[in-house]
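Subject: Structure handover

Hi,

As promised, here is the structure we talked about. Have a look at it first, and my notes follow underneath.

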Amino acid sequence: MRKNFGAKPLSYPQPVFIIAAYGEDGTPNAMNAAWAGISEHNEVSLCLSAGHKTVKNILKRGAFTISMADAGHVAACDYVGIVSGNSVPDKFARAGFHATKSGFVDAPLIDELAVAMECRLVSYDPQTCIMRGEIVNVSVDERALDADGKVDPAKVAPIVFDPFNNTYLRIGEKVGDAFSDGKSLK
């Protein structure tokens with residue numbers, strides 16, 4: 001027996017992405033977004049309503065970063081999702097975030113979050129709220145790398161949004177090897 005939830009945006013996993021851009025005065029701003037994903041080899045698509053201050057900043061600057069939220073910064077990442085930059089212009093700083101300018105696009109990297117995609121705006125449709133960005137670079141803070149220079153998921157400690165229960169979950173346990181385990185069924 002199955003329980004029906006209706007036509008709702010409920011799925012696992014939903015990323016917790018922190019979208020950041022500079023305002024007109026150079027102040028960094030950020031927002032939390034779960035409706036996003038890779039849509040092409042070097043493209044990401046997001047569903048962001050036009051009223052967000054961060055969206056307005058992206059449209060003016062033509063660039064943004066997408067950082068993966070992590071377990072160590074849950075409160076800050078949630079805060080930038082529940083507070084509007086339209087009414088709290090210093091919410092980035094209030095969240096305890098610090099910015100370093102990307103070397104690839106005109107947007108801030110969030111120092112506290114280890115993994116980020118640095119993107120150029122490709123398009124935005126205010127009717128559908130779909131924003132597309134070209135991934136220009138992916139950067140990872142060295143603190144999240146292992147001894148061989150590979151990304152260590154345990155050090156990144158990424159989180160996902162659980163829309164069924166309005167909670168954040170930590171990603172962690174390895175359960176298999178991609179492009180390999182399925183070979184046993186050939």
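**What I found**

D90 counts as partly exposed, because its relative accessibility is 35%, a value between the 20% and 50% cut-offs. Its salt-bridge partner is R94, with the closest N and O atoms 2.9 Å apart. R94 itself is exposed, at a relative accessible area of 57%. Before you go further, please keep in mind that this is a predicted model.

**The other salt bridges**

How many salt bridges does the structure hold? The count is eight, and the D90 and R94 pair is one of the salt bridges in the model. General background: side chains of opposite charge can pair when their charged atoms come close.

Another one to pull up is K60 with E24, whose side chains meet at 2.5 Å, N to O. This pair links distant parts of the chain: K60 belongs to helix α1 (residues 53-61), while E24 lies in the loop between β2 and β3 (28-33). They are 36 residues apart, and both K60 and E24 are exposed.

Then there is E134, which forms a salt bridge with R120 through their side chains (3.1 Å, N to O). Here too distant parts of the chain are linked, with E134 in strand β10 (residues 130-140) and R120 in strand β9, 14 residues apart. E134 is partly exposed because its relative accessibility comes to 28%, and R120 is also partly exposed, with a relative accessible area of 39%.

If you like networks, look at R61, K101 and D106: salt bridges link these three.

**Strands around β6**

Is strand β6 (residues 63-68) mostly covered or mostly open? Mostly covered: five of its six residues are buried, so each of those five has under 20% relative accessible area.

β6 pairs with strand β2 (residues 17-22), which runs antiparallel to β6 and is joined to it by four bridges. In that pairing, I19 has I66 of β6 as its bridge partner. β6 also pairs with strand β9 (residues 115-125), again in the antiparallel sense, over five bridges. There S67 is matched with A116 in β9. R120, from the salt bridge with E134, sits in β9 as well.

**The three-stranded sheet**

There is an open sheet of three strands, in the order β1-β11-β12, with antiparallel pairing. Which strands stand at its edges? They are β1 (14-15) and β12 (167-170); each has a single partner strand, so one side of each is left without a neighbour in the sheet.

β1 pairs with β11 (residues 159-162) in the antiparallel sense, over two bridges. To find the spot on screen, go to Q14 and look for F161, its bridge partner in β11.

**A nonpolar patch**

Last item: F5, Y12, F164 and L169 make a nonpolar surface patch of about 380 Å². F5 is found in the segment before β1 and counts as partly exposed because its relative accessibility is 38%. That value also passes the patch cut-off of over 30% relative accessible area.

Shout if anything looks odd on your side.

Cheers

Methods:
Residues are numbered from 1 along each chain as its sequence is written. This is a predicted model: local features need pLDDT of at least 70, side-chain atom pairs count only at pLDDT 80 or more; totals for chains, interfaces and linings use all residues. Side-chain values use heavy atoms; hydrogens and water are left out. Two strands pair if DSSP finds at least two bridges between them. Patches are made of residues with over 30% relative accessible area and no salt bridge: like charges are joined within 9 Å, nonpolar side chains (Val, Leu, Ile, Met, Phe, Trp, Tyr) within 5 Å. Accessible areas come from the Shrake-Rupley method with a 1.4 Å probe; for residues, only the protein chains shown count as cover. A salt bridge is a side-chain nitrogen of Lys or Arg within 4 Å of a carboxyl oxygen of Asp or Glu. Buried means under 20% relative accessible area, exposed over 50%, partly exposed in between (1.4 Å probe, protein chains only).
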